[in-house]
Amino acid sequence: MNEIEHISKRAAEFCDAAGVPGFVAGVHRRGEAGVAAYGVANLGTGAPMREDTGFLFGSITKIMTTTLVMRQVERGTIDLEASVIDYLPSIGVPGLRVRHLLSHSSGIDADLFFPDAAGREALATYVERLGPECGQLFEPGAYVSYSNGGMIVAGRLLEVVTGLSYHELLEREVFEAAGMSTACTSAERAILRSTAIGHFPDPATGAARPTEMFMLPPTWAPAGSTAIGTIDDLLAFGRVHLGELPSVLSAESVARMQVVEQDNGTPDSSPVGLGWLLREVAGTTVLTMTGASPGGIAVLAVVPARGLAFAAYGNDARALELHDELLLWLLDGTPDAGYTAQEIDLRPYAGTYRSNQLQIDVRVVDGGLEETVTYEPADADQKRIFTGFVGGPFAAPPMRYVAVGEGLFAPDGIPLDGLPSYYLVSYHGNAAYRSSGGRMTRRTPA
């Protein structure tokens, strides 16, 4: 495939220029597939990145969790419109329906909630602690706010309905059913084959260094902490959502997942179906999910209208830029037109906004907004896990933003032409909420 030759060339150029240790990507298009790899999988050992090197899927697992739920919907054991309380009485959130868990509209305020538990009861432990330790950002269905907590609750719901552990379900009903022959859910099994680890840029030099934590706790399994596999595995899963493997999921369920469930109406946050983020790229709908792991970044994009699945992994988060570039190239697209700075009244947006363990103070400074983000760990375990996930102590210098629309802001000092939408910050509900990276924080009373 000429596509693979291009990907191989660009991977080498990008990794060498950006200091990303390794990259692997593949394409499936109308029956043809190929994979390209470049660099090293682990700077600590010097192991090469190979076409069959495994890596953590991260949040791409959320689409697999949704697929598991849809399989149960097909069997009549789960109703998308049912109240979550019907399955998990301890959740206790009135109006919370199963589909809210899958469409990132649950409002559960648990984005940085990391209970440290393992074994068969890991998800039960998460749900038991969720109510007492976390709250609601908004009423279910009011907004999109990317929700790790919602997906983990969905994983526990699957356990209750089936009597099987989440990992048993994932391995049997997704990995085996879709032909994901090298996928697994444990580091012990992954270590028996070529497996990449993540890396973080040194704050002083920018040089990549290996992560000191391979994966997040098993309590986050349905959100993306434990699933490991190869590019071929992700492309096989992508075929499910191209409608090519109806034995895994019916055409009706595949189509249902692609229907917009919720949309904040601002470019910083994609419309959401069931599981999938639904982006418009080069005039076509792209089903996409990015998967972060400690020091790594993966992506799966499925384009039904083009019969295309694209999967990639870089073992340094800076590879996200290459993911975006390659997807746009595969679709023969051009970068977005970008944004233009505007003058608006900034005073309504100033204030303090909070979500689970985060405080964001917003001020008007020199004709723009200045934000300071403070991490407030709930306990020593939360701090240890989050610190490992981000590669060191959390330190966020104040950031300046300029208005590019009413309630829409872009980082100051970055060219606005072709600016990726995930750099933007938006405000909603008369500035009652702030959204960044698709995640909401709520204004606190003055």
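**Helix packing and local backbone features in the predicted model**

In helix α12, which spans residues 380-390, the buried residues are Q382, I385, F386 and G388. Viewed down the axis of α12, these buried residues fall within an arc of 160°, so they line one face of the helix. The structure described here is a predicted model, and the positions discussed below should be read in that light. The buried residues of α12 pack against three elements, namely helix α5 (122-133) and the strands β7 (199-201) and β16 (368-375). At the start of α12, a side-chain oxygen of D379 reaches to within 3.1 Å of the backbone nitrogen of D381, while the helix is followed by G391, whose phi is positive, near 90°.

One of the buried residues of α12, F386, also serves as a point of reference for M399, which is found in strand β17 (residues 399-405). M399 and F386 are separated by 13 residues in sequence and, from C-alpha to C-alpha, by 21 Å in space. M399 has a relative accessible area of 37% and is therefore partly exposed, a class that lies between the limits of 20% and 50%. When neighbours within four places in sequence are left aside, M399 is in contact with L369, E370, E371 and P411.

Helix α9 (residues 231-241) has nine of its eleven residues buried, so this helix is largely enclosed by the rest of the structure. The buried residues are I231, D233, L234, L235, A236, F237, G238, V240 and H241. At the start of α9, a side-chain oxygen of T230 reaches to within 3.4 Å of the backbone nitrogen of D232, and just after the helix, G243 takes a positive phi of about 80°.

A contact between two further helices involves α2 (residues 61-75) and α7 (residues 166-178), whose axes come within 10 Å and cross at roughly 85°. With that crossing angle, α2 is roughly perpendicular to α7. On the side of α2 the contact is made by T61, M64, T65, L68, R71, Q72 and R75, and on the side of α7 by Y166, L169, L170, E173, V174, F175 and A177. By class, eight of the residues in this contact are nonpolar, three are polar and three are charged.

Two participants in the contact between α2 and α7, T61 and F175, can be followed in further detail. T61 is placed in helix α2 and, at 0% relative accessibility, counts as buried. The side chain of T61 reaches the backbone oxygen of G58 at 2.7 Å. Residues up to four places away in sequence not being counted, T61 touches Y166, L170, A221, P222, A223, G224 and A227. F175, for its part, lies in helix α7 and is buried, with a relative accessible area of 3%. With residues up to four places away in sequence again left out, F175 touches F57, M64, L170, M180, A183, C184, T185 and A227. L170 and A227 therefore appear among the contacts of T61 as well as among those of F175. F175 and G229 are 54 residues apart in sequence, yet their C-alpha atoms are 9.5 Å apart in space.

Attention may finally be given to three residues in loops. Most residues other than glycine have a negative phi. D332, although it is not a glycine, has a positive phi of about 55°, and Q357, likewise not a glycine, has a positive phi of about 70°. D332 is found in the loop between helix α11 (320-330) and strand β14 (351-355), where it is exposed, with a relative accessible area of 70%. Q357 is placed in the loop between β14 and β15 (358-365), and this residue is buried, with a relative accessible area of 9%. The third residue, S147, lies in the loop between strand β6 (135-136) and helix α6 (148-162). At 3% relative accessibility, S147 counts as buried, and, apart from neighbours within four places in sequence, S147 is in contact with K62, H104, S106 and I108.

Key: Residues are numbered from 1 along each chain as its sequence is written. Side-chain values use heavy atoms; hydrogens and water are left out. Buried means under 20% relative accessible area, exposed over 50%, partly exposed in between (1.4 Å probe, protein chains only). Helices (H or I, at least four residues) and strands (E, at least two) are DSSP runs, numbered from the N terminus. A polar contact is a pair of N or O atoms within 3.5 Å; within protein, one must be able to donate a hydrogen and the other to accept it, and residues adjacent in sequence count only if both atoms are side-chain atoms. Axes are lines fitted to C-alpha atoms, for helices over the stretch in contact, and angles run from 0 to 180 degrees between N-to-C directions. Angles under 35 degrees count as roughly parallel, over 145 as roughly antiparallel, 65 to 115 as roughly perpendicular and the rest as oblique. Contact means heavy atoms within 4.5 Å. Ala, Val, Leu, Ile, Met, Phe, Trp, Tyr, Cys and Pro count as nonpolar, Asp, Glu, Lys and Arg as charged, and the others, Gly among them, as polar. The arc is that of the directions from the helix axis to the C-beta atoms.
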